Amino acid sequence: MKFYKPDLDLRVNRALELPMYMQICQRFKTAIEQGNLQAGDRVPAVRALAIELNLARGTVEMAYRILTDEGYLQVRGAAGTVVSPSLPPPAVLKSPVIMIGQAHAVIVEHDGKAPKPLQMGLPALDAFPRKVWNRLVGHRLRGSEPARLAYPDPAGFDRLREKIATYLGVSRGVTCLPEQVFVTTGLRNTLELTLSSLSTADDAFWLEDPGYIFARLFLQTAAVKVVPVPVDEHGLMVEEGKRLSPHAKFAMVTPSHQSPLGVTLSLERRMALLEWASKAGSWIIEDDYDSEFRYQGRPLPALKSLDRNDRVIYSGTFSKAMFPGLRLAYVVAPVSAVAHFRAASYNLNAGCPYLFQAGIADFIAEGHFSRHLKKMRLLYAERRAVTAQIFQEILGDRIRITLQPGGLHILAKLADHEDDIMLADHARAAGLAVHPLSRWYINAKPQRGLLLGFANVIDEKDALRLALKLKQALA
């Protein structure tokens with residue numbers, strides 16, 4: 001049985017001419033009609049509500065008698081009084097539709113509801129070892145000492161920082177101390193921490209064009225000057241960036257798997273970028289968001305591993321390697337900037353929740369993290385191949401898929417005359433979370449295409465169903 005919600009407002013207004021028992025009736029009816037009280041919910045006992053509202057017991061009894069006679073409440077003796085189970089469900093209130101100008105249109109996907117098919121940025125939610133994870137978190141929850149109920153360290157749980165530093169040294173060639181690692185809630189929080197630590201007003205900021213759209217939306221509201229730098233098949237065009245803004249304070253890149261084109265930053269350009277940062281005294285933010293998943297060739301070392309002058313700020317996340325509901329990521333600060341990052345972390349927030357941080361630390365320490373990544377690489381390679389093959393077959397000449405070495409999404413290119421924004425809108429109206437490529441551009445001439453997440457396409461049958469649905473939406 002469900003119980004009365006203590007935050008439900010049943011207060012009466014003694015200044016009104018309406019009798020107080022009628023006001024109580026009206027409060028209950030409104031709460032039921034709006035869905036705040038639902039069929040089967042227990043309501044307060046007469047005596048308890050009379051004390052809470054500072055009213056005579058008889059006043060509340062009269063209100064309950066009227067509500068019972070009208071069919072709103074049902075008395076169940078010792079089991080208490082409940083909202084009548086025979087009441088029809090409350091009408092669903094529709095949220096007002098807000099029209100957004102095209103220039104500022106944003107696709108909202110992270111709304112707390114079930115993900116839609118082909119959504120980008122999602123790992124395979126069906127394949128995560130939930131039993132293992134629940135066991136680890138449950139163990140931490142049961143054994144947590146009182147001190148863990150206080151505010152966590154804003155820099156992050158010390159054991160998790162140690163495990164991240166060890167993991168990066170082995171898997172990504174990033175040599176760092178735990179003191180350099182700061183736990184954040186995601187890339188936005190990482191950028192906030194970085195800018196709060198190192199930037200001044202109106203600093204120039206190189207951003208890939210096209211580049212990660214949600215980073216762009218944040219930076220456009222921050223106190224920096226965004227400088228779009230074009231990207232080609234070899235990644236960020238460093239010489240073009242130097243021409244556009246040679247003394248920029250920051251450059252943000254996705255070198256292992258460019259977002260959204262999927263290309264890899266060439267070694268020549270990596271070295272040129274590092275040389276520029278060293279000479280200009282600039283900082284490079286390396287967003288290494290899904291480098292764990294590479295299906296062709298050897299895994300590439302992180303740009304940070306080539307840094308000999310302490311200019312690279314390395315950013316990673318558990319959203320892709322584990323699941324995004326964790327809301328946990330991390331950033332490795334340059335040695336020379338650790339004090340600035342630590343001071344900024346204390347100013348920005350009170351830290352990430354201890355429980356999930358400790359759970360991830362245990363997940364890594366017991367070997368589950370490395371086993372999970374190994375399993376996911378094989379699974380994603382299969383799902384990627386199946387998705388690309390079937391979508392190409394079903395959509396034919398309408399799209400052109402060229403698989404890149406890694407990542408969790410596929411780019412289906414369209415002809416230049418196609419309106420990918422309109423087509424994506426049609427697909428989204430059909431329930432598919434498709435992104436138009438051209439929306440990720442700023443100044444560069446946009447290519448036309450559709451960005452498709454494949455990690456949750458579970459098999460050939462599922463891929464065929466989704467491909468046919470997309471074809472129908474694009475017709």
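**Note on helix packing in a predicted model**

1. Of the 475 residues of the protein, 49% count as buried. The model is a predicted one, and what follows should be read as a description of that prediction.

2. Overall make-up. The protein contains 14 helices and 14 strands. Its C-alpha trace spans about 85 × 55 × 45 Å along the principal axes. Among contacts with a separation of 6 or more, 72% join residues 24 or more positions apart.

3. Helix α3. This helix covers residues 57-69, 13 residues in total. From first C-alpha to last, α3 reaches 18 Å, close to the 18 Å expected at 1.5 Å a residue. After α3 comes G71, which has a positive phi, near 90°.

4. The buried side of α3. Which residues of α3 are buried? They are V60, A63, Y64 and L67. These residues lie on the same side of α3, because the arc they cover around the axis is only 95°. An α-helix has 3.6 residues a turn, so residues three or four places apart point the same way.

5. What covers that side. The elements covering the buried residues of α3 include two helices, α1 (20-33) and α2 (46-53), and the strand β1 (73-75).

6. α1 against α3. The axes of α1 and α3 are 8 Å apart, and the two helices pack at an angle of about 45°. Angles from 35 to 65 degrees fall outside the roughly parallel and roughly perpendicular ranges, so α1 is oblique to α3. The crossing of α1 past α3 is right-handed. On the α1 side, the contact is made by M20, Y21, M22, I24, C25, F28 and K29. On the α3 side, T59, V60, M62, A63, Y64, I66 and L67 take part. V60, A63, Y64 and L67, the buried residues of α3, thus appear in the contact with α1.

7. α5 against α11. A second helix pair is formed by α5 (residues 158-171) and α11 (residues 354-365). Their axes come within 8 Å and cross at roughly 40°, and α5 and α11 are therefore oblique to each other. How is the crossing of α5 past α11 handed, left or right? It is left-handed, whereas α1 passes α3 in a right-handed crossing.

8. Residues at the α5 and α11 contact. From α5, the residues involved are R159, L160 and K163. In α11 they meet Q357, I360, A361, D362, I364 and A365.

Terms used
Residues numbered from 1 in each chain as written. Predicted model: local features only at pLDDT ≥ 70, side-chain atom pairs only at ≥ 80, totals over all residues. Heavy atoms only, no water. Helix = DSSP H or I, 4+ residues; strand = E, 2+ residues; numbered from the N terminus. Expected span 1.5 Å × (residues − 1). Buried < 20%, exposed > 50% of the residue type's maximum accessible area, 1.4 Å probe, protein only. Arc of directions from axis to C-beta. Contact = heavy atoms within 4.5 Å. Axes fitted to C-alpha atoms, helices over the stretch in contact; angles between N-to-C directions. Parallel < 35°, antiparallel > 145°, perpendicular 65-115°, else oblique. Left-handed = near helix turned anticlockwise from the far one by under 90°.
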